[in-house]
Amino acid sequence: MVIINGQSFNTVVDAAGALGVSAKTIGDYIRKGIIPPPPQIHYGVRVLRHYPRAYLRQAKKILAGYRKDRIARFGSRS
């Protein structure tokens, strides 16, 4: 979590914990278009991605459907 001007924002590490994947995997999912890019905050010359609760809820639903589809197509890993 990062705090900017007294307001707290979830980072990719926080999102990774909430979604049960690594921060790298979240980046891969975004690059592949599996989940949408998160909102951005402009802080001076920096542009920071943040992961609000609403975004994480949406991403969880998308990933649940994605995983269900992959299991249906390729079977489980067990």
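Here are some notes on strands, salt bridges and aromatic pairs in this model, which is a predicted one.

1. **The hairpin.** Start with strands E3 and E4, which cover residues 40–43 and residues 46–49. They run antiparallel to each other and pair over four bridges. Together E3 and E4 make a hairpin, with two residues between the strands. Have a look at Gly44 in the turn: its phi is positive, at about 65°. If you want one pairing to trace by eye, take Gln40, whose bridge partner in E4 is Arg49.

2. **Counting salt bridges.** Next, the charged side chains. Opposite charges on side chains can pair when the charged atoms come close. How many salt bridges are there in this model? The count comes to three, and the next points go through them.

3. **Lys24 and Asp28.** In this salt bridge, the closest N and O atoms are 3.0 Å apart. Why are these two well placed along the chain? Both belong to helix H2 (residues 23–31), and because they are four residues apart there, about one helical turn separates them. The two ends are not equally open, though: Lys24 is exposed, with 58% relative accessibility, while Asp28 is partly exposed at 22%.

4. **Arg31 and Asp28.** Asp28 also forms a salt bridge with Arg31, and here the closest N and O atoms are 2.8 Å apart. This pair sits in helix H2 as well, with a spacing of three residues, so the partners are again about one helical turn apart. Is Arg31 buried or exposed? At 63% relative accessibility, Arg31 counts as exposed.

5. **Asp69 and Arg73.** For another salt bridge, move on to helix H3, which spans residues 53–74. Asp69 and Arg73 are four residues apart in this helix, about one turn, and their side chains meet with an N to O distance of 3.5 Å. Asp69 is partly exposed, with 38% relative accessibility, and Arg73 is exposed, with 57%.

6. **A shared network.** Now put the helix H2 contacts back together. Which residues end up in one network? Lys24, Asp28 and Arg31 do, joined by salt bridges that share partners. When you view the model, try picking out Asp28, since that residue pairs with Lys24 and also with Arg31.

7. **Aromatic pairs: Tyr29 and Tyr66.** On to the rings. A pair of aromatic rings is described by how far apart the centres are and by the angle of the planes. Searching the whole structure turns up two aromatic pairs. One of them is Tyr29 with Tyr66, an edge-to-face pair with 6.0 Å from centre to centre and 65° between the planes. This pair links distant parts of the chain: Tyr29 is in helix H2 and Tyr66 is in helix H3, 37 residues apart. Tyr29 counts as buried at 13% relative accessibility, whereas Tyr66, at 27%, counts as partly exposed.

8. **Aromatic pairs: Tyr51 and Tyr55.** How do the rings of Tyr51 and Tyr55 meet, and at what distance? They are edge-to-face, with centres 5.6 Å apart and 70° between the planes. As for accessibility, both Tyr51 and Tyr55 are buried.

How values were computed: Residues numbered from 1 in each chain as written. Predicted model: local features only at pLDDT ≥ 70, side-chain atom pairs only at ≥ 80, totals over all residues. Heavy atoms only, no water. Pairing = 2+ DSSP bridges. Salt bridge = Lys/Arg side-chain N within 4 Å of Asp/Glu carboxyl O. Buried < 20%, exposed > 50% of the residue type's maximum accessible area, 1.4 Å probe, protein only. Phe/Tyr/Trp six-rings, centres within 6.5 Å; stacked < 30°, edge-to-face > 60°.
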